[in-house]
Amino acid sequence: MPAAPDPSGERRQQAAERRGETFPRRGAIVRPQKNPIEWRVNVTQLGSANGRALDGTDAAALSAGETEGRRQIVAFFDFLRREVPGFDRSYIVDIPPQIGIRETRRIEGLYQLSGEDVLSCASFPDTIGVNGWPLEKHVAGDVEWDWPDIPGSRGFNHLPYRMLIPQEVDNLLVAGRCASMTHEGQSAARVSGACFVMGEAAGTAAHLALAASQNPADIVVNDLQAALEKNGVYLGKDVQ
Ligand SMILES: Cc1cc2nc3c(=O)[nH]c(=O)nc-3n(C[C@H](O)[C@H](O)[C@H](O)COP(=O)(O)OP(=O)(O)OC[C@H]3O[C@@H](n4cnc5c(N)ncnc54)[C@H](O)[C@@H]3O)c2cc1C
C-alpha cells in the first residue's frame with residue numbers, strides 16, 4: 001500500500017515551489033478506500049477568472065470550470081506519481097462525470113437558516129430533523145471551519161420546516177442545498193446528512209398536503225413531526 005501523502009499539503013507546496021508550480025487549494029484530502037489499491041483524492045478548487053467563486057448559473061462558467069477541473073486533476077496526479085512514494089505506477093480509475101457546485105441558487109423561504117443558528121445549535125418548534133455539521137466555508141485556496149461549542153452544547157441544530165417553503169410560490173417544497181439558508185447556514189446544512197433530512201420531510205409533507213387537499217405551508221406541523229418520528233427521524237427535541 002502506498003505511504004499516505006502529507007495531508008497538510010506541505011510536501012506538495014515544497015515540490016510545487018521547486019518546479020514553479022502552483023496548486024489552487026492548499027490542503028489535499030487523499031484517503032485509502034475499502035479496496036486497498038484505491039485512494040480517493042479531493043484536491044481541486046475552482047473559481048472564476050476574477051477570483052470569485054464559480055457562478056453555477058452561468059453555462060460558460062460551468063464549461064470553463066469543467067476544463068479547469070480536469071487540468072487540476074492532471075497536474076495533481078502528475079505530482080502524486082512524481083513525488084509520493086508508492087504512487088509512481090498509479091493510474092486514474094475515475095473522475096467525476098460532471099462539475100459539482102456546492103452553492104448556487106436558493107429559495108427565500110419562510111425561514112432562512114443562518115450561520116448563527118448552526119453555531120448556537122438553534123431549536124425550532126417546527127423541527128424536521130437535525131444538522132450536526134459545522135460551518136464549512138470554502139474560501140480562495142482553503143477551507144475554513146467554525147464549530148459550535150462542543151462539549152458545551154449539544155452539537156447540532158434543528159432544521160425548521162419553514163426553510164423548505166418558498167415565500168411566494170404555493171404548492172412547492174424545496175429540499176437540499178437550494179433550501180432557504182444564508183451563505184453561512186448553507187455552508188453547513190448543504191451536506192448530505194441535512195439534505196437527507198430535508199428530503200424525507202419534503203416527501204412526507206407533500207403526502208400530508210395531498211391527503212388533506214392543503215397547501216404544504218398549511219399542513220399541521222405536529223402531524224408532520226409525528227409521521228417523521230414514526231419513520232425513525234430524529235427530531236432532536238430531547239436534548240436542549
Ligand atoms: C464537490 C462537492 C463535494 C462535496 N463533498 C461533500 C462531502 O464530502 N460530504 C457531504 O456530506 N456533502 C458533500 N457535498 C455536498 C452535498 O453532496 C450536496 O450539497 C448534496 O448532495 C446536495 O443534495 P441535493 O439533493 O440538494 O442535490 P443533488 O444531490 O445534486 O441532487 C439533485 C438531483 O436532481 C437531479 N436532477 C436535476 N435536474 C433534474 C430534472 N430536471 N429532472 C430530474 N432530475 C433532475 C440531479 O441529476 C441530481 O441527481 C459536496 C458537494 C460538492 C459539489
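How much space lies in the second largest pocket? In this predicted model, about 470 Å³ of space lies in that pocket, and the legends below take it as one of several close-up views.

**Figure 1. Overview of the protein chain and its secondary structure elements.** The protein chain holds six helices and six strands, and its elements, read from the N terminus on, follow the order α-β-β-α-α-β-β-β-β-α-α-α. Along its principal axes, the C-alpha trace of the protein chain spans about 65 × 40 × 30 Å.

**Figure 2. The second largest pocket, with about 470 Å³ of space.** The lining of this pocket is made up of 19 residues, of which Arg25, Ile29, Asn42, Glu136 and Trp145 are the closest to the pocket centre. At least two lining residues come from each of strand E1 (29-32), strand E2 (39-42), strand E4 (135-139) and strand E5 (142-146). Sorted by class, the lining of the second largest pocket comprises eight nonpolar, four polar and seven charged residues. Because domain 1 (10-83) and domain 2 (115-230) both contribute residues to this lining, the second largest pocket lies between the two domains.

**Figure 3. The shell of residues around the ligand.** Gly100, Ile101, Arg102, Gly176, Arg177, Arg190, Val191, Ser192 and Cys195 surround the ligand, and by class this shell has three nonpolar, three polar and three charged residues.

**Figure 4. Polar contacts of Arg177, Arg190 and Ser192 with oxygen atoms of the ligand.** For Arg177, a polar side-chain atom lies 2.4 Å from an oxygen atom of the ligand, and for Ser192 a polar side-chain atom is placed 2.5 Å from an oxygen atom of the ligand. In the case of Arg190 it is a backbone N or O atom that lies 2.6 Å from an oxygen atom of the ligand. The ligand taken alone exposes 1,000 Å², and the protein buries 36% of that area.

**Figure 5. The cis peptide bond between Ile150 and Pro151.** The bond that joins Ile150 and Pro151 is modelled in the cis form, with omega at about 15°. Pro151 belongs to the loop between E5 and strand E6 (157-160), and E5 is also one of the strands that supply at least two residues of the lining of the second largest pocket.

**Figure 6. The backbone at Cys121, where phi is positive.** Although Cys121 is not a glycine, its phi has a positive value of about 55°. Cys121 is found in the loop between helix H3 (115-119) and strand E3 (127-131).

Notes
Residues numbered from 1 in each chain as written. Predicted model: local features only at pLDDT ≥ 70, side-chain atom pairs only at ≥ 80, totals over all residues. Heavy atoms only, no water. 1 Å grid on protein atoms, 1.4 Å probe; cavity = no way out; pocket = protein on both sides within 12 Å on 5 of 7 lines; lining within 4 Å. Points joined across faces, edges and corners; volume = space filled by probe spheres on them. Helix = DSSP H or I, 4+ residues; strand = E, 2+ residues; numbered from the N terminus. Nonpolar A, V, L, I, M, F, W, Y, C, P; charged D, E, K, R; others polar. Domains from an automatic or database assignment. Near = heavy atom within 4 Å. Polar contact = N/O pair within 3.5 Å; in protein donor to acceptor, adjacent residues only side chain to side chain. Areas by Shrake-Rupley, 256 points an atom, 1.4 Å probe, with all protein chains shown as cover.
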